[in-house]
Amino acid sequence: MDKTGNMKSQNNDSSLIDSENPWQYCSGTLYDPVTEWCCDGRVNGKRSFYRCCGTGTYDILSQTCQNGIATTKTNMCNGKTHNPRVRFCHNKKLYQHYYYVLCNGNVYRKI
């Protein structure tokens, strides 16, 4: 907490959540750290594969964040572009998430 009683957390650090009072403050605004993030003083809803970038959030699969600005990135695998929500790259080969899973460095076909 800072001197005004506001939480400084900008990530999903569950160790900061008080089980008796799960609510926290973000620049004076009360928020639920289970479903929301405080990104540089602004409350944002949590979503899978998103992280704080400046006062907003960015998609870690399709964007990068530099100096608080999110920009689109190109996902490449062995010289081919791909959508990381549909496919993943392992050892220069593309696999569809629907059929395969990557676990501890090994690719397995789903049953």
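This briefing walks through the strands, the disulfides and one hairpin of the protein shown above. The model is predicted. It holds 14 strands and 0 helices, and a search of the whole structure turns up 4 disulfides. Three of those links are described one by one below, followed by a look at a hairpin further along the chain.

**Overall build**

- Reading from the N terminus, each element in the run β-β-β-β-β-β-β-β-β-β-β-β-β-β is a strand, in keeping with the count of 0 helices.
- The protein has 111 residues, and 23% of them count as buried.
- About 8100 Å² of the protein is exposed, and carbon and sulfur atoms supply 47% of that area.
- Among contacts with a separation of 6 or more, 8% come from residues 24 or more positions apart.

**How the cysteines pair up**

- As a reminder, a disulfide is a covalent bond between the sulfur atoms of two cysteines.
- Counting bonded cysteines along the chain, the pairing pattern is 1-2, 3-4, 5-6, 7-8.

**Cys26 and Cys38**

- Cys26 is joined to Cys38 by a disulfide with an S to S distance of 2.1 Å.
- This link of Cys26 and Cys38 is right-handed, with 70 degrees about the S-S bond.
- The pair connects distant parts of the chain, 12 residues apart: Cys26 sits in strand 1 (residues 24-26) and Cys38 in strand 3 (residues 36-39).
- Are these cysteines buried or exposed? Cys26 is buried, at a relative accessible area of 1%, and Cys38 is buried too, at 5%.

**Cys39 and Cys52**

- The sulfur atoms of Cys39 and Cys52 lie 2.1 Å apart and form a disulfide.
- Why is this disulfide called left-handed? The torsion about the S-S bond of Cys39 and Cys52 is about -70 degrees, so the link takes the left-handed sense.
- Because Cys39 belongs to strand 3 and Cys52 to strand 5 (residues 50-53), the pair ties together parts that are 13 residues apart in sequence.
- Cys39 is buried, with a relative accessible area of 0%.
- Cys52 has 19% relative accessibility; it counts as buried because the cut-off is under 20%.

**Cys53 and Cys65**

- Cys53 and Cys65 also form a disulfide, with their sulfur atoms 2.1 Å apart.
- The link of Cys53 and Cys65 is right-handed, with 90 degrees about the S-S bond.
- Distant parts of the chain are linked here as well: Cys53 is in strand 5 and Cys65 in strand 7 (residues 63-66), 12 residues apart.
- Cys53 is buried, with a relative accessible area of 6%.
- Cys65, its partner, is partly exposed at 28%, a value that falls between the 20% and 50% cut-offs.

**A further cysteine**

- Cys103 counts as partly exposed, at 36% relative accessibility.

**The hairpin of strands 11 and 12**

- Strand 11 (residues 87-90) pairs with strand 12 (residues 93-96) in the antiparallel sense, over 4 bridges.
- Which residue is the bridge partner of His90 in strand 12? That partner is Lys93.
- The hairpin has 2 residues between its strands, and Asn91 takes a positive phi near 50 degrees there.

Notes
Residues numbered from 1 in each chain as written. Predicted model: local features only at pLDDT ≥ 70, side-chain atom pairs only at ≥ 80, totals over all residues. Heavy atoms only, no water. Buried < 20%, exposed > 50% of the residue type's maximum accessible area, 1.4 Å probe, protein only. Contact = heavy atoms within 4.5 Å. Areas by Shrake-Rupley, 256 points an atom, 1.4 Å probe, with all protein chains shown as cover. Disulfide = S-S within 2.5 Å. Pairing = 2+ DSSP bridges.
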